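Open the model in a viewer and have the selection tool ready. The stops below go from a strand pair to a helix and then to the enclosed space.

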Amino acid sequence: MALIEGFRVQNYRALRDVTLGKLSNQQDGEPLTPFTVVIGKNGVGKSTLFDAFGFVADCLSHDVESACDMKQRGGFERLRSMGSNDAIRFEIYYREATGERPMTYELAIALDETGRPFVESEVLKQRRKGQKHGRPYPFLRLHHGKGMVWAGEEAVETAGGGEDRAQEPVELTDLRQLGIATLGTLKEHPRIKRFRDFLKGWYLSYFYPDAARSLPSAGPQKHLNSHGDNIGNVVQFMEREHKDRFKLILERIAAKIPGVKSIDTEVTIDKRVVLRFNDGAFDDPFYAQQMSDGTLKVFAYLLLMEDPDPPPFICIEEPENGLYHKLLEALAQEFRAHATGKKNAPQIFVTTHQPYFVDALSAAEVWILEKGADGYSSVRRVSDLVVVRNLVDEGLPLGGLWYSDYLDAR
Ligand SMILES: Nc1ncnc2c1ncn2[C@@H]1O[C@H](COP(=O)(O)OP(=O)(O)OP(=O)(O)O)[C@@H](O)[C@H]1O
Ligand SMILES: [Mg+2]
């Protein structure tokens, strides 16, 4: 499975310089776990961190200027950390599969002289084939849209800068587009393609229960979209292609939410798909429009997790909203089981306010964001807090420790 082992954000709102996990130049760091959870008080930057992932994904699927303006981000000047004149930077340290050489992607976005955001620089680098340690070398290096790319699976920049047949100059025509967006479509750059595909596959959940109550046009669809308004279409797909898997989801929902016995779809006369819930008590089914927010939410998460071809990376903000507290520990376990289970398991990143959710987690899975007196946030891994680690080892649940202020103490 693909794993983001580390992520660094610089100059993105309150995240002036924040690193989670391991980076290519910080090899003593512990990699991120397949299931990672960020907690912290109001205003410390949890949504900002979630949005940092979303922003990088939007830079690829749109362009950097649109990404700055969309989703109420308010433009580059609003996004850049107050008091900074530097570029907004991201670094992703990522491994395509266990045993593969890790790859680093560095992206810097700045303003040009007309005040327009553009891609200032972009680097993809990797260690030489066969090397387990040592410095990574670029196989894509762009500055203001100009630079070099090294084709194939193995070539990287040589230290002496000598001629390499795999080396080609690159010049991009649109400085608002990521280089990996164009180069990643070319067959001669398989590594860039794989990284681009990985990034394109990220799933950021903007689910809201009313979206699941909409009535989309009928027709099976493979994947749940980010708002969840095609949930009926995904159920149609599961009913048709993955009957057994779908039955399992229903059993798990029935175990978690009283009164849900079966779920299926009905196609209306005008060819829209509606979700039908049967609770066993009444003969007539309920429709999604009548179902509770929490039921729809749990159903959407389980459906997302059970996708036979899941996204490689899933981000969910505050999944606890609207859910019964006793369900939260089970939901966290469900997320972990999916993040660590199969070969193509997704990495799952969650922000939360809920101690019950955190009770199910290990200290290495939890990061705590805090805001300093200077207005910028910092992040610590809970397993680095010795006292907390010892208490967890003694069997105390992490959420309880958080509730009792053990995690906040500096
Ligand atoms: N450009 C900026 N530079 C520095 N700080 C900023 C910038 N823009 C916003 N902030 C700070 O970031 C905070 C918002 O952080 P965010 O919304 O990520 O918090 P949160 O942890 O999600 O909080 P909550 O738990 O309330 O949802 C704002 O309160 C503001 O102080
Ligand atoms: Mg928030």
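Select residues 262-267 and 273-278: these are strand 11 and strand 12, which pair in the antiparallel sense over 6 bridges. The model is predicted. To check the register, pick I263 and look across to strand 12, where its bridge partner is F277.

Next, move to the turn of this hairpin, where 5 residues lie between strand 11 and strand 12. Select K271 there and read its backbone torsions: phi is positive, near 65°.

Now select residues 293-305, which form helix 8. Put a distance between its end C-alpha atoms; they are 18 Å apart. Why does this agree with the length of the helix? At 1.5 Å a residue, the 13 residues of helix 8 should span 18 Å, so the expected and the actual distance agree.

Keep helix 8 selected and show the surface of the chain. How many of its 13 residues are buried? The count is 12, so helix 8 is mostly covered, buried being under 20% relative accessible area. The run of buried residues goes through G294, T295, L296, K297, V298 and F299, then on through A300, Y301, L302, L303, L304 and M305. Note that K297 is among the buried residues.

Last, turn to the enclosed space. There are 3 cavities of 30 Å³ or more, and the largest cavity holds about 60 Å³. To find the largest cavity, select S24, Q27, Y93, P102, T104, R127, G134 and P136, which line it. Colour this lining by residue class: 3 are nonpolar, 4 polar and 1 charged.

Conventions:
Residues are numbered from 1 along each chain as its sequence is written. Chains are lettered from A and ligands numbered from 1 in the order in which they are written. This is a predicted model: local features need pLDDT of at least 70, side-chain atom pairs count only at pLDDT 80 or more; totals for chains, interfaces and linings use all residues. Side-chain values use heavy atoms; hydrogens and water are left out. Helices (H or I, at least four residues) and strands (E, at least two) are DSSP runs, numbered from the N terminus. The expected span of a helix is 1.5 Å times one less than its number of residues. Buried means under 20% relative accessible area, exposed over 50%, partly exposed in between (1.4 Å probe, protein chains only). Two strands pair if DSSP finds at least two bridges between them. On a 1 Å grid over the protein atoms alone, a cavity is a set of points where a 1.4 Å probe fits but cannot get out, and a pocket is an open set with protein on both sides within 12 Å along at least five of seven lines; lining residues have an atom within 4 Å of a point. Grid points are joined across faces, edges and corners, and a volume is the space filled by probe spheres set on the points. Ala, Val, Leu, Ile, Met, Phe, Trp, Tyr, Cys and Pro count as nonpolar, Asp, Glu, Lys and Arg as charged, and the others, Gly among them, as polar.
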